[in-house]
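Reader: I've got the sequence and the model open side by side. Can we go through a few spots together?

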Amino acid sequence: MRERGEAKGRRYQGDVLRGGEARSRGRNLYVDGFRIGAAILIVAIHTSPLASYSELADFILTRIVARVAVPFFFMVTGYYVLPGCLGAAKDSRRQRQRTRSFWQYENKNLMLYGLAILLYLPVNWYAGNLKEAWTVGGVLQELFFQGTFYHLWYLPGLLLGLLLVYGLGKLVPFGGMLLVSLLLYVVGLGGDSYYGWASQWEPAKSFYDWIFTVSPYTRNGVFFAPIFLSLGYGLALMRRRSQAEAGERRGKRWEQAIAEEQWQYSIGLLVSGILLLAEGLWLHACKWQRHDSMYVSLLPVMVCLFSLLLTGEGRGFGGSGMISIAQWTTWVYVLHPLGIILVRGVAKAGKLPIFIENSLLHFLAVVLVSAGMAAVVCLLSGYQKRRGRLGAGRREGRKRI
């Protein structure tokens, strides 16, 4: 009995030590890789890397190209999370599991949001931002839409958008969910990049002015997040259906089919990307943009981009046993404003103004500092988890003695 218990404990320890390898199986090389690029693009949005060289080039990079980053993360959630929460279940037990999975994911992001609010509370207090929101309406607006700090709007957007899409998925088929999400996005366009055009009509201007009393932007969990969550979920359904019809494809025919898909999606991404660039520059020239997160062409760009990334399914790395790509990019997103503050503070203290005045060097320094802080958090978190699992394995082994 004692030998069996110790053997089980050792197997548990082995499973823990191989955790990173096990998690990497069945992952997506292209999606994991683009997570890194998307996280860096989010840092670029808040640091303007090319501002020292060309205002137009920086606008193209940060206000057009980099606008794929946040929709990408929404689509990742829609693709990987929503299929396990929605859809017909064979029995009530399976349905309860799906419901529980959804609320567990929401609770996980709610805890992250709460931690991020506390993390930036001293910064908000020092900057005097708390005085502006010290009313019931201001607090609710900050919590549900603005995120209490300029980059944290994504988390309440994700929480609210997921809740909306999940509710739609329970009430209507996928087509209905997609249609409602698309209509909300169209409404949101009028309060974002197309506000200058929409506000020329007085009823529309009054409507958006009312919205802005509730949320300062239409880039939020109601108008922005649902369409990309729905698109990610829809691509998951389509891919599952196509794989079921094709069966287990192997060999040259499988590789040829993948190559054809990559070619088609690459052409689609090129064409839609050119349209997105033209749309962004046109709107900028018209001076219609109240904000610049929402474009018509962004939808086909994201469909083609994400479909292209999906062709790398089953070839992922996902990170080492101590650091996962998903966790690392999450913490880069959460911590990069602190990276900006640290780089500026160290540059001033060390009399190195070039790291503030030169936008590209400033951006690179913030990326390195944010990446390092995120890696440290992931390592500490991974160490604590493995320590807990190893302890659980030892306790289980002693129980068997």
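Reader: Let's start with S48: buried or exposed?
Author: Keep in mind that this is a predicted model. S48 sits in the loop between α3 (29–45) and α4 (55–63). Its relative accessible area is 18%, and the cut-off for burial is under 20%, so S48 counts as buried.

Reader: And what is odd about the backbone of S48, given that it's not a glycine?
Author: Most residues other than glycine have a negative phi. S48 goes against that habit, as its phi is positive, at about 50 degrees.

Reader: T148 has a positive phi too; which loop is T148 in, and what is the value?
Author: You'll find T148 in the loop between α8 (136–146) and α9. T148 isn't a glycine either, and its phi comes out positive at about 70 degrees.

Reader: Is T148 buried or exposed?
Author: The relative accessible area of T148 is 16%. Burial means under 20%, so T148 is buried.

Reader: On to α5 and α9: how do their axes run, roughly parallel or oblique?
Author: Two packed helices are described by the angle between their axes and the distance between the axes. Here the axes of α5 (residues 69–80) and α9 (residues 154–171) come within 12 Å and cross at roughly 40 degrees. Roughly parallel would need an angle under 35 degrees, so α5 is oblique to α9.

Reader: Which hand does the crossing of α5 and α9 have?
Author: Look at how α5 passes α9. The crossing is right-handed.

Reader: Which residues meet there, and how many of them are charged?
Author: From α5 come V70, F73, F74 and T77, and they meet Y154, G157, L158 and L162 of α9. Sorted by type, the contact has 6 nonpolar residues and 2 polar ones. The number of charged residues is none.

Reader: What about cysteines: how many disulfides are there?
Author: A disulfide would take two cysteine sulfur atoms within 2.5 Å. By that rule the count is 0.

Reader: Which class does C85 fall in, and which does C286?
Author: C85 has 1% relative accessibility, so C85 is buried. C286 has a relative accessible area of 29%, which puts C286 in the class partly exposed.

Reader: Zooming out, how many helices and strands does the protein have, and what share of its contacts is long in sequence?
Author: The protein has 18 helices and 0 strands. Of its 401 residues, 45% are buried. Among contacts with a separation of 6 or more, the share from residues 24 or more positions apart is 80%.

Key: Residues numbered from 1 in each chain as written. Predicted model: local features only at pLDDT ≥ 70, side-chain atom pairs only at ≥ 80, totals over all residues. Heavy atoms only, no water. Axes fitted to C-alpha atoms, helices over the stretch in contact; angles between N-to-C directions. Helix = DSSP H or I, 4+ residues; strand = E, 2+ residues; numbered from the N terminus. Parallel < 35°, antiparallel > 145°, perpendicular 65-115°, else oblique. Left-handed = near helix turned anticlockwise from the far one by under 90°. Contact = heavy atoms within 4.5 Å. Nonpolar A, V, L, I, M, F, W, Y, C, P; charged D, E, K, R; others polar. Buried < 20%, exposed > 50% of the residue type's maximum accessible area, 1.4 Å probe, protein only.
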